[in-house]
Amino acid sequence: MMRISVRRLVMPIFTLLVSAIGQPIAQAQTPQYSDGTLVYLHEQEPPCLWGGWVQQAYLARQVFDYLVSYDNGKIRPWLATRWSESADRKTITFHLRHDVKFTDGDIFNADAVIDNYPAWQKGIGWHGFTYMTGFTKVDDYTVALHLSEPNPEIYNVLANGHYGFQSPDSLAHNSSEDKCLRPVGTGPWKVARWVRGEGISFVRNDDYQWAPPNAQHNGPAYIKHLEWKFVPDATTRWGALVSGGADVIYQPPSAQWQALQRDYQTLSYVATGRPQAFSFNVQRGPFTDQRVRQAFAYALDRKQIVKTVFKGAVPYEGNGSLSQSTPLYLNVNDRYALNLTKANQLLDSAGWTGRDAAGYRTKQGKTLAARLPFIQAIIDQEGALMLQAVQDQVKRVGIKLVLIPLTQTEGFAGARSRPEDKEISFGYWVWPSPNILDIVYNHTLNGAFNGNNTTFFNNAEVEAQILDAQRDPDPQRRQQKFDVLQKWFDDQAIAIGGYNFTYNVAIAHHVRGLWQDQGNGLLNFNDAYFVQEKP
């Protein structure tokens, strides 16, 4: 079992505080600064500290700051003190703080914002779907952000953990490896070192004085050192918390979640964007037939699978396009309840009436088989158990589901990503806007094939409807238009949901002040501090 030495700041005993979902664990009184070390155990180790994956946003939040902060549905100032929009909503003018500096001494100002935009374009593969086209300088501490389309959620996007600021000097002169492993920001923590396969050591930024207003205090972190360890096995993470080898753990085993909620402090965040969903290849193969897609859905008791595998730790989600925490979400959870009779009728009508020696359906001598590659860094051990249950259930109606696990390296290199490589995809997308529909269903990105479109869907009329809904300034009309779109994608069974990607955290009794933001569920360690643990 993993054991890690932990230095604690001893403080008076306080009343045990109950956590709230997505909210800070409240402080009992003003804590004191210390040279203590907080040990946090995470699961996935990304290739770089920042980029387009939510696992990178978790890390980037410690090192970078952002123009605005998302606070329980409200946008709050951060590095921008105020802003205004043009009449056509395509230009947003941000007025910046004058007192912010990077940890290498560089100054944060309008030039720094402009210098970061190319890094955003290069480092975030889906950047084009924000509709941002660039910044221009108004004066030394004022910038104008330009959009190709009005984007009501642009502030949510800017706050969501990907669009942090790096030192212009570091961007210009540091090596690619340094910018990947040791980026220079204005945030509450600095990267001391990254040992691949083990973890990242962060040290407090003692000059930090520009926290967002929804933080619990403004100033340097209370604890001097943050050890962010990568521990892929959930049971090992849980064991380290119970034995005292860790202070905070990510994604404990679902079987332990109820006990941890009872005996420890916990936080839980249902991610915005798209849930863990099954995306059918509608360009080639058996799922070009809507009846086969619907039969697959009717063959599953998805609610029961999620309940059995996750034991209440994550919620079921039937909507394959939007998660329940995403703005303008439509509940379609009862659309494809388990119905084996219906599934069999649909497959019969689609011509899959033969059977091979193993009992799988055939048509013109070809077996009804579907390959589902999945990246093990994105679909963890419990997610893989769900896929195995799905494999067993669709077999009852004669569908052969072939599960193909991929390493993180293979998956990120694009293995099994072409239309001829797979019939089904499974994965999530964390994104604070209903224009996630644009990201996952638009056929092109910057004039080339959009690799985020794992259904290979290509319908210019529907894409135009998505853009029309996104740009509509009237909230009620936007809701109606996105309702129509979500219902259409569900009726067509282009994608069906499985469960909501949920960021669960368990926290030792001697830690206070830790909280998750409402944009990506990012953990804020800047407010965390130690108290003396009760006997």
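These legends accompany close-up views of a predicted model.

**View 1. The annotated domain.** According to an unreviewed UniProt entry, residues 74–442 carry the feature "domain: Solute-binding protein family". Over this stretch the chain is 28% helix and 25% strand. The C-alpha atoms at its two ends are 29 Å apart.

**View 2. Helix 1, residues 54–63.** Let's start with a helix whose buried residues are V54, Q55, Q56, A57, Y58, L59, A60, R61, Q62 and V63. Because 10 of the 10 residues of helix 1 are buried, the helix is largely enclosed by the rest of the structure.

**View 3. Helix 9 and its cover.** Helix 9 spans residues 302–310, and its buried residues include R302, I305, V306, V309 and F310. They cover an arc of only 95° around the axis, which puts them on the same side of helix 9. Among the elements that cover these buried residues are helix 7 (254–263), helix 11 (381–395) and strand 22 (495–499). Look just past the end of helix 9 for K311, which has a positive phi near 50°.

**View 4. A three-stranded open sheet.** The strand order here is 19-13-22, with antiparallel pairing. Strand 19 (424–430) and strand 22 are at the edges with a single partner strand each, so one side of each has no neighbour in the sheet. On average, neighbouring strands of this sheet are turned by 35° against each other, direction ignored. Strand 13 (residues 273–280) runs antiparallel to strand 19, and six bridges join the two. One residue to find is F280, whose bridge partner in strand 19 is I424. Helix 8 (residues 290–298) lies across strand 13, strand 19 and strand 22, and runs at about 120° to strand 13.

**View 5. Two aromatic pairs.** The structure holds 41 aromatic pairs. In the pair formed by Y208 and W210, the ring centres are 5.5 Å apart and the planes stand at 65°; edge-to-face pairs need planes over 60 degrees apart, so this pair is edge-to-face. Y208 and W210 are both buried. F280, the bridge partner of I424, forms a tilted pair with F287, at 4.8 Å centre to centre and with 40° between the planes. Both F280 and F287 are buried.

**View 6. An aromatic cluster.** Finally, here is a group of rings to browse at leisure. One aromatic cluster is formed by F102, F108, Y117, W120, W126, F135, Y163, F165, W429 and W431.

Key. Residues are numbered from 1 along each chain as its sequence is written. This is a predicted model: local features need pLDDT of at least 70, side-chain atom pairs count only at pLDDT 80 or more; totals for chains, interfaces and linings use all residues. Side-chain values use heavy atoms; hydrogens and water are left out. Buried means under 20% relative accessible area, exposed over 50%, partly exposed in between (1.4 Å probe, protein chains only). Helices (H or I, at least four residues) and strands (E, at least two) are DSSP runs, numbered from the N terminus. UniProt positions are given in the numbering used here, feature names are shortened, and annotations may be inferred rather than shown by experiment. The arc is that of the directions from the helix axis to the C-beta atoms. Contact means heavy atoms within 4.5 Å. Two strands pair if DSSP finds at least two bridges between them. Axes are lines fitted to C-alpha atoms, for helices over the stretch in contact, and angles run from 0 to 180 degrees between N-to-C directions. Rings of Phe, Tyr and Trp (its six-membered ring) pair if their centres lie within 6.5 Å; planes under 30 degrees apart count as stacked, over 60 as edge-to-face and the rest as tilted.
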